[in-house]
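Here's a walk through one protein model, taken a piece at a time. Keep the 3D view open and turn it as you read.

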Amino acid sequence: MSAHAAEKMACLSRNPALRCFSLPSFVQRTRYSRALQPSFRSGVLRRPGLQWVGVAPLQKGRLSSGCQVLHHRTLSVAAPQAVMSPPSPRTQTEASPELVTQLGFEKVKEQFLDEYKSTAVLYRHKKTGAELMSVTNEDENKVFGIVFRTPPKDSTGIPHILEHSVLCGSRKYPLKEPFVELLKGSLHTFLNAFTYPDRTCYPVASTNTKDFYNLVDVYLDAVFFPKCVSDKQIFQQEGWHHELNDPSEEVTFKGVVFNEMKGVYSQPDSVLGRVSQQALFPDNTYGVDSGGDPAVIPKLSFEEFQEFHRKFYHPSNARIWFYGDDDPNERLRLISAYLDEFEANEAARESEVSVQKLFSEPKTVVEKYAAGEMGDLKKKHMVCVNWLLADSPLDMETELALGFLDHLMLGTPAAPLRKALLESGLGDAIVGGGLDDDLLQAQFSLGLKNVSEENVGKIEDLIISKLKELADEGFTPEAVEASMNTIEFSLRENNTGSFPRGLSLMLRAMGNWLYGRDPFEPLRFAKPLENLKARIANEGAKAVFSPLIQNFLLDNAHKVTVMLQPDPEKGSASETEEKELLQKLKASMTKEDLAELVRATEELRLKQETPDPPEALATVPSLSLKDIPSEPTQIPMDVGDINGTTVLRHDLFTNDVLYADLAFDMSSVDSKLLPLVPLFCQSVMEMGTKDMDFVQLNQLIGRKTGGISIFPSTSARRGKKEPCSHIVVRGKAMSSQIQELFDLIRILLQDVQFTDQQRFKQFVCQSKARMESAMRGRGHSIAASRMDAKMNIAGWVSEQMGGLSYFDYLQTLEKQVDSDWPSVSESLNQIRTSFLSRQRSLVNLTAESKLITRAETHVTSLLDALPAGELSKVECWNSCLEWSNEGLAVPTQVNYVGKASNIYDTGYQLNGSAYVISKYIGNTWLWDRVRVSGGAYGGFCDFDSHSGVFSFLSYRDPNLLETLDIYDKTVEFLRELELDDDSLTKAIIGTIGDVDSYQLPDAKGYTSMVRYQLGITEEERKQRREEILSTKLSDFKKFADVLEASKSKSVVVAVASEDDIATANKSRPGLLNVRKVL
């Protein structure tokens, strides 16, 4: 899966400050990962320079964790140290010298990383040359990763297919998919794998030490001794194979990676990124697609696949990472047991990535992408200007300075290069996103999408012109100060959301380590940061940054301008070409050949659908229920009030940072204005006041706070018809800046003027462009929101603000902004008036108690400044979308198939066992049938315990009707299910792992607030946990009856190609009401 657009990383929002240290590096370019999981539907990563700031939507059914917090844009004048305690005197920071020698290691280097209060020791395994970094601290969220350099020579996708395949059984764990068993029954806080253009990473994380070492052992056995190198059927399942169910039918291609990459190649932004990278690097490994081109993947042979593993998956080519509070001696013991089985080889030399030589003159590349037929295609061009910055890796000082420059130019809405592009009117949204220093050679990419045909040639001229202006005139002192504080706060706070900090550091270190450079250097930011600040103070910002613009961009001949043209015929042409290829293949086959292919197809399917024997399952290490705390995790909360406004206080260690949330009841907003709320929130943050334009206001936030965001939040409430809907303001600041934080929140809420027509038009165009991308790349989210909107008011509200209805509204609004701006402006003011009151509002504070007490004076001042009148509801929200099955047609090579019903309508009463059952269905039945047998990249179910909606969803799915049939057979699966005690225990433990998900302090405070808003008490949490822990097989059987009873009231929404929808309706007339969306 493309981690660049990866729903898997919904827990993170791009933090511009981190890019200059390649953290987290996978957010910057196309990456591919092993698994898609249910929580993915909650969000999507943004491209660098296009950050979304705020909080992920409520994760459905997660009574314990409530929601996950996205990584803030961080801005501050006074930066905290990383929120991590130094090792206690009892903590052993390195392995004993005797054990190091005994196990065949040698210590290469040791450093104390003051930035993270961690001791890092680099070891080398003398026999094989494997390198291991052991980072020790007091972080309970332990991380392991093993990384191999895996440079491909072609676009068959061999590294990507291998990344999927090695986790399908191994020497020690000979079952079909140990990875899935870990998903079922582990307390992991992270479990996945990534394929980069030149490396493959296998990371895991857990807060439970026993569980952590179990995960590590399974992953080590998987990468070094996988079954896939001897079992061709694994290669066929994960990579590609010909499929034929009957000689009378057509031959098709199947394979998880094959269909995943069809989805990637259906997204214009992904096509643009791929073409740009390959054009910049025509002569080395980055000139091919490590993920795989669907047109090329079927050329990969099993023998080539085997050889690739033999060549690169070797300790001599490995970088191994440990992080956390576990025993450093145990780390070496565990690793040495595997490394000692190998002898050194030439893998490290053979995997070296060659340098791309710089061009002597710029180039232009023109390609086409598959576009829909709707809209004006002449306005759907994409242009991206790309530079390769150097013919060798950058030194740390230069890399840091370029990172700052990148943030100055693009990192905020007020950044001059970003602002110039968006205000030009030449396109709707930025593409490219600036600096990427993640690979061997750094690159810089920037452009626009939805460009008119006549404006295509103007984009490069505009970018060059603005760069010349910035090189000549420099940046304002306010902009430099804001960027400096943004980056420094980000690096020191080290707030990675629910993404493990140790994994962030690993990916950061890999940017050097992988290429034979010092892995400590990217982790030691304090000194280079101070040096850069000193240079700016002594020489001036212009002297520091202007030469960088001149040398790396303006005078750089290694520039490629990529122009993508919309082609409504390209998608169907690709499908036709594939069909003709397969028809030609079938025509060449004898009756015996066809019979053999039918037999092989059935044999593979039988293997995929046959459960592992108990003895194989028993090999996978697991915890017991005795390892699980019987009580739910407590978050301290004190409920009080200030002048009648409820205030929640969470006494947690935050290292002198105050996290503040203000939630305003949104139920008074007129339902007709709901689609305008997201744009209202953007306008609050990105328009100015009477005294400050938006640039000044944005920079003031950057200089004086740790970041502010505003967004709508909506959830159903169990047992109530009315949803829980709020407009939430989030902010954070150091203790010395608390007054400025609340002053700025007041200014944003009360003083921002909605008068800038052209700027608002930009917001509309940007939102429309994002929704167009979502229709093609996140169709499962669109289908899910559409189904929810048909079944409950909360779903309808959310869909109005982020689903297909919102997309429809944007197209109308775009015209209204031009024809009747005064009414739009007045509507924005009406939204503010309708919710802004201290009545029915709530304040949420997270910090140490002394800091909270200090903050309350400023909270009082803010509340006193707000209107005090009681809000009256304009009307009761009482709407749902029309109840009908829908086929939403988009230009795509894969489908997103959803089916849902409300099980509360059957009389079902919530029991914690539903969480266990839902997770089990997803990790067994749907994984095996939708993904493994069906070839989809993802298949999962989602139970929203607040609304009662039980949803089935698929992701990048080659099928439609077949997937719906699988959903319907879930009842039969549950009724026939035989579950031994070990399997049931794993299912329970895996569910508890979700419920007890790891959170940083700000996320804990926000989660506690959401529980309070939804009326979830500690007593209920305890009850649900007891129900989870006491789940029995009989609960699965009873749940089958619930699903059966809700079948007749289910609804289907499929986001799919027009041809696949037509085929479905031909087979089952009237199944789907068809609507062409793009």
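## A loop with two unusual residues

Let's start in a small spot: Asn 655 sits in the loop that links β18 (645-651) and β19 (657-665). This is a predicted model, so everything here is computed from predicted coordinates. Asn 655 has a phi near 60 degrees, which is a positive value in a residue that isn't glycine.

What is the phi of Asp 656? It's near 75 degrees, again a positive value in a residue other than glycine. Asp 656 belongs to the loop between β18 and β19 too.

## An annotated stretch

The loop falls in a part of the chain that carries a label in a record. An unreviewed UniProt entry annotates residues 564-813 as "domain: Peptidase M16C associated". In the model, that span is 52% helix and 20% strand, and the C-alpha atoms at its two ends are 27 Å apart.

## The six-stranded sheet

Now look for an open sheet of 6 strands. Going across, the order is β25-β26-β24-β27-β23-β28, and the pairing is mixed. At the edges you'll find β25 (938-943) and β28 (1073-1076), each of which pairs on one side only. From one strand to the next, the twist averages 15 degrees.

At one edge, β25 pairs with β26 (residues 949-955) in the antiparallel sense, over 6 bridges. Which residue in β26 stands opposite Phe 940? That's Leu 953. Helix α25 (residues 779-791) packs on the sheet and touches β23 (886-889), β24 (896-902), β25, β26, β27 (1051-1056) and β28, with its direction at about 160 degrees to that of β26. Another helix, α37 (residues 1058-1067), lies across β23, β27 and β28 and runs at about 155 degrees to β23.

## The five-stranded sheet

There's also an open sheet of 5 strands, again with mixed pairing, in the order β12-β16-β13-β15-β14. Why do β12 (363-370) and β14 (429-436) each have one side without a neighbour in the sheet? They stand at the edges and each has a single partner strand, so one side of each is left without a neighbour there. Ignoring direction, neighbouring strands of this sheet are turned by 15 degrees against each other on average.

For β12, the strand alongside is β16 (residues 559-567): the two run parallel and are joined by 8 bridges. Pick out Lys 368 and you can find its bridge partner, Gln 565, in β16. Helix α7 lies across β12, β13 (381-388), β14, β15 and β16, running at about 35 degrees to β13.

## Two helices that meet

Helix α11 (residues 396-410) and α12 have axes that come within 4 Å and cross at roughly 35 degrees. Where they meet, Leu 408, Met 409 and Leu 410 come from α11, while Pro 416, Leu 417 and Arg 418 come from α12. The residues of this contact divide into 5 nonpolar, no polar and 1 charged.

## The second largest pocket

Rolling a water-sized probe over the atoms shows where empty space is left. The second largest pocket has a volume of about 970 Å³. It is lined by 41 residues, and the closest to its centre are Lys 380, Asp 428, Asn 450, Lys 768 and Glu 772.

Some of the elements you've met turn up again here. Those giving two or more residues to the lining are α7 (268-280), α12 (416-423), β15 (443-451), α24 (757-777), α27 (804-819) and β28. Which element gives the largest share of the lining? It's α24, with 9 residues. By type, the lining divides into 13 nonpolar, 12 polar and 16 charged residues.

Methods: Residues numbered from 1 in each chain as written. Predicted model: local features only at pLDDT ≥ 70, side-chain atom pairs only at ≥ 80, totals over all residues. Heavy atoms only, no water. UniProt positions renumbered as here; feature names shortened; annotations may be inferred. Pairing = 2+ DSSP bridges. Axes fitted to C-alpha atoms, helices over the stretch in contact; angles between N-to-C directions. Contact = heavy atoms within 4.5 Å. 1 Å grid on protein atoms, 1.4 Å probe; cavity = no way out; pocket = protein on both sides within 12 Å on 5 of 7 lines; lining within 4 Å. Points joined across faces, edges and corners; volume = space filled by probe spheres on them. Nonpolar A, V, L, I, M, F, W, Y, C, P; charged D, E, K, R; others polar.
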